[in-house]
Amino acid sequence: MGQTSALRDDASSVEFPLESPEFTPPAAKTPFYLPGSGCPIKPQVSLAGLTSYRVGGPAQWYVAPRCPEDLQISLEWAKSEGLPVIVLGAGSNLLVSDRGLPGLVVGTRHLRHIRFDPEIAQVQAGAGVPIAQLARLVAQRGWQGLEWAVGIPGTVGGAIVMNAGAHESCIADVLVDVDVLSPAGNAARLGVSELGYRYRTSRLQGGDRVVTQATFQLQPGGDPQRVMATTEAHLERRRTTQPYHLPSCGSVFRNPEPYKAAWLIEQTGLKGYQIGGAQVSQLHANFILNCGKATASDIYQLMRYVQQQVEQRWSIRLEPEVKILGEF
């Protein structure tokens, strides 16, 4: 697979040309504030605790904006410094190198505003809102359309970028529009038709625009208890068919239709196969688990091994759904 940089939840990597910066951070590796910003930029922040796999080295620089203005200032600083930018939501569906990541990692966890419009059954949510939380909140109102998302571990931003989905539904089905910010600080609002949605991808994936918030159209008038019951049933189904007891990134490989990646891996006899602390799940073969002491390298090598064995057996090359960031 080699080195890749991509966005889903969760991550987008952008390289900017070097320009003369108006502000130079302190030479010492200590946190500092950019002019006009209320959020510190921190050096050498471990990413292991910020990803669902619980592996990965440090970010060269890390910032967690609490408002779009702070996000804009941070992006402009990175551009002036010629730094790559990676946007990190819930850290799900990511595998970060043990060597860490150069540049600026932007965490969206604090961008969590939610606004309901009961007259038209729309909800606007910040990029850092957990999509599962949003699913519960709209279900409690009797609004239908996001019941499937209750088991998705990512954020609104990540779900939009990679067109997250489950149970034959996806984010494109309910999205109205999305607000994005360019590295130069230019804001834009894009309609769903402008995003080029396909299976687990969009035009935002791998691009340089950062999602700040999105608006969703739900179906009102449902009985809250029934909508919540449907939502909980979706969650229970995921809990009984997928391993939640150990760190993972969710599904590792895309489904090569008409096959399911999990079926191909299981039929290749790889359930339970282990490299270091990384193991192919016994419950769901398209999950690779961190059994406690896995490194990112363990997980990466196991992914490669699974690819090789499935391709040798079925002549099908499994494509990763997990985004691989950094050098391996």
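"Buried" here means under 20% relative accessible area, with exposed over 50% and partly exposed in between (1.4 Å probe, protein chains only). This is a predicted model, where local features need pLDDT of at least 70, side-chain atom pairs count only at pLDDT 80 or more, and totals for chains, interfaces and linings use all residues. Residues are numbered from 1 along each chain as its sequence is written, and side-chain values use heavy atoms, with hydrogens and water left out.

**View A. Strand 14 is mostly covered.** Look at residues 210-217: 7 of the 8 are buried. Helices (H or I, at least four residues) and strands (E, at least two) are DSSP runs, numbered from the N terminus. Two strands pair if DSSP finds at least two bridges between them. Strand 9 (residues 122-126) runs antiparallel to strand 14, joined to it by 5 bridges, and Gln122 has Gln217 as its bridge partner in strand 14. Strand 12 (residues 175-181) is also antiparallel to strand 14, this time with 6 bridges; here Leu175 is partnered with Phe216.

**View B. Strands 15, 16 and 17 make an open sheet.** The order is 15-16-17, and the pairing is antiparallel. Strand 15 (274-275) and strand 17 (288-290) are the edges, each with a single partner strand, so one side of each has no neighbour in the sheet. Strand 16 (residues 278-280) is tied to strand 17 by 3 bridges, and Gln279 has Leu289 as its bridge partner in strand 17. Helix 6 (residues 296-314) packs on this sheet and touches strand 15, strand 16 and strand 17; contact means heavy atoms within 4.5 Å. The direction of helix 6 makes about 30° with that of strand 16.

**View C. Helix 2 meets helix 4.** The axes of helix 2 (residues 131-140) and helix 4 (residues 224-241) come within 8 Å and cross at roughly 155°. Axes are lines fitted to C-alpha atoms, for helices over the stretch in contact, and angles run from 0 to 180 degrees between N-to-C directions. That makes helix 2 roughly antiparallel to helix 4, a label for angles over 145 degrees. From helix 2, Arg136, Ala139 and Gln140 join in; their partners in helix 4 include Pro224, Met228 and Leu235.

**View D. Helix 1 has many named buried spots, among them Trp77.** Also buried in helix 1 (residues 68-81) are Asp70, Leu71 and Ile73. Just past the end of helix 1, Gly82 takes a positive phi of about 70°.

Definitions and conventions
Angles under 35 degrees count as roughly parallel, over 145 as roughly antiparallel, 65 to 115 as roughly perpendicular and the rest as oblique. The expected span of a helix is 1.5 Å times one less than its number of residues.
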